[in-house]
Amino acid sequence: MQELEERIQAEGTVKVGDVLKVDAFLNHQCDVRLFDHMGAAWAEHFAGKTITKILTIEASGIGIACCAAHHFGDVPVVFAKKAQSINLDGDQYTTTVYSFTKQKEFPVIVSKKYLNPGDHVLLIDDFLANGKALRGLIELCEKAGATVEGIGIAVEKGFQGGGDKLREEGYDVDSLAIVESMDPETGTIEFRH
Ligand SMILES: O=P(O)(O)OC[C@H]1O[C@H](OP(=O)(O)OP(=O)(O)O)[C@H](O)[C@@H]1O
Ligand SMILES: O=c1[nH]c(=O)c2nc[nH]c2[nH]1
């Protein structure tokens with residue numbers, strides 16, 4: 001998606017440790033017009049599929065998923081929580097995920113009320129790096145008996161391999177920008193096309 005690539009080139013910075021910082025528009029300050037355009041792009045890609053629910057993971061996937069939902073008939077958006085809470089009651093599907101930016105393991109929890117065997121789920125997230133977050137969401141869907149129809153990602157770091165492994169396994173992964181390489185010394189960012 002050209003608009004997203006241009007924003008990454010203009011406002012993204014490359015940090016050591018394979019970190020791309022795009023918090024000016026994607027995952028701290030949020031450009032909701034861009035999010036709307038991203039939702040439209042996923043709707044075009046997944047047009048042939050019936051989607052009954054969007055599933056994401058807190059925190060950074062939530063805003064993007066909510067904007068995307070407008071383009072899928074305002075389906076419910078469920079976000080997996082990364083901490084237990086007195087506000088979480090009843091039976092839950094749970095697993096654990098290693099967080100790329102926080103560098104520690106988190107529980108990942110969805111109430112059984114909000115993920116069901118009849119659900120046809122689109123997974124949405126801001127970043128795809130090693131694929132840990134998506135593996136957690138896929139596991140929750142498997143536990144619920146829900147069908148993963150596709151995966152919509154804003155920025156995939158292709159050189160980390162998580163996306164290609166999922167594609168090899170047959171998942172329909174639509175990443176709107178795939179970073180093929182990036183260099184913290186020169187600041188250069190190259191995209192896969
Ligand atoms: O493919 P992976 O290696 O799993 O990396 C991608 C995940 O990393 C980030 O989550 P993180 O927990 O780092 O931050 P967040 O709380 O801002 O979502 C991002 O939001 C994705 O969920
Ligand atoms: O802001 C971010 N930059 C990244 O490079 C990244 N990788 C996973 N999650 C990420 N979030």
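## Close-up views of a predicted model

**Figure 1. Surroundings of ligand 1 in the predicted model.** Ligand 1 is surrounded by 19 residues, of which the closest are S99, T101, A129, K132 and A133. Strand β7 (120-128) and helix α4 (132-144) each supply at least two residues of this shell. The greatest contribution is that of β7, with four residues. By class, the shell comprises seven nonpolar, eight polar and four charged residues.

**Figure 2. The annotated segment from A129 to A133.** An unreviewed UniProt entry lists A129, N130, G131, K132 and A133 under "binding site". Of these annotated positions, A129, K132 and A133 are also among the residues closest to ligand 1. N130 is placed in the loop between β7 and α4, and G131 lies in that loop as well. Are N130 and G131 buried or exposed, or does either fall in between? N130 is partly exposed, because 16 other C-beta atoms lie within 10 Å, a count under the 20 required for a buried residue. G131 has 21 other C-beta atoms within 10 Å and is therefore buried. Setting aside neighbours up to four places away in sequence, N130 is in contact with F100, Q160 and G162. On the same basis, G131 touches G162, G163, K165 and L166. G162 thus appears in the contact lists of both N130 and G131.

**Figure 3. Surroundings of ligand 2.** The shell of ligand 2 consists of V19, L20, K21, N27, F100, T101, F127 and A129. Strand β2 (residues 19-21) provides the largest share, three residues. Five residues of the shell are nonpolar, two are polar and one is charged. T101 and A129, which belong to this shell, are also listed among the residues closest to ligand 1.

**Figure 4. The annotated positions L20, N27 and K157.** These three residues are listed for "binding site" in an unreviewed UniProt entry. L20 and N27 both take part in the shell around ligand 2. N27 is found in the loop between β2 and α2 (32-45). With 19 C-beta neighbours inside 10 Å, N27 counts as partly exposed. Beyond four places in sequence, the contacts of N27 are V22, S60 and D126. K157 is located in strand β8 (residues 147-157). K157 is buried, because 23 other C-beta atoms lie within 10 Å. Apart from neighbours within four places in sequence, K157 is in contact with D18, L20, A129 and V179. The contacts of K157 therefore include L20 and A129, and burial at K157 rests on its count of 23.

**Figure 5. Strand β3 and its pairing partners.** Five of the five residues of strand β3 (residues 53-57) are buried, so the strand is largely enclosed by the rest of the structure. K53, L55 and I57 point one way from β3, whereas I54 and T56 point the other way. Burial applies to both sets of residues. Which strands pair with β3? β3 runs parallel to β7, to which three bridges join it, and L55 has L123 as its bridge partner in β7. β3 also pairs in the parallel sense with strand β4 (residues 77-80), over four bridges. Within β4, the bridge partner of T56 is F79.

**Figure 6. The largest nonpolar core.** This core has 53 residues. The residues with the most contacts inside it are I54, A68, L123, L137, C141, A154 and V155. In soluble globular proteins, nonpolar side chains tend to be buried together. L123 is in contact with L55, L134, L137, V148 and I151, when neighbours within four places in sequence are left aside. L55 is thus both a contact of L123 and its bridge partner across β3 and β7.

**Figure 7. Environment of A177 in strand β9.** A177 is placed in strand β9 (residues 173-182). With 26 C-beta neighbours inside 10 Å, A177 counts as buried. Excluding residues up to four places away in sequence, A177 touches M1, L4, E5, I8, A154, V155 and F191. Of these contacts, A154 and V155 are also listed among the residues with the most contacts inside the largest nonpolar core. The C-alpha atoms of A177 and R167, which are 10 residues apart along the chain, are separated by 16 Å.

Note on methods: Residues are numbered from 1 along each chain as its sequence is written. Chains are lettered from A and ligands numbered from 1 in the order in which they are written. This is a predicted model: local features need pLDDT of at least 70, side-chain atom pairs count only at pLDDT 80 or more; totals for chains, interfaces and linings use all residues. A residue is buried if 20 or more other C-beta atoms lie within 10 Å of its own, exposed if 12 or fewer, and partly exposed in between; C-beta atoms are placed from the backbone. Two residues are in contact if their C-beta atoms, placed from the backbone, lie within 7 Å. A residue is near a molecule or strand if its C-beta atom, placed from the backbone, lies within 6 Å of it. Ala, Val, Leu, Ile, Met, Phe, Trp, Tyr, Cys and Pro count as nonpolar, Asp, Glu, Lys and Arg as charged, and the others, Gly among them, as polar. A nonpolar core is a set of buried Ala, Val, Leu, Ile, Met, Phe, Trp, Tyr and Cys residues joined through C-beta atoms within 7 Å. UniProt positions are given in the numbering used here, feature names are shortened, and annotations may be inferred rather than shown by experiment. Two strands pair if DSSP finds at least two bridges between them.
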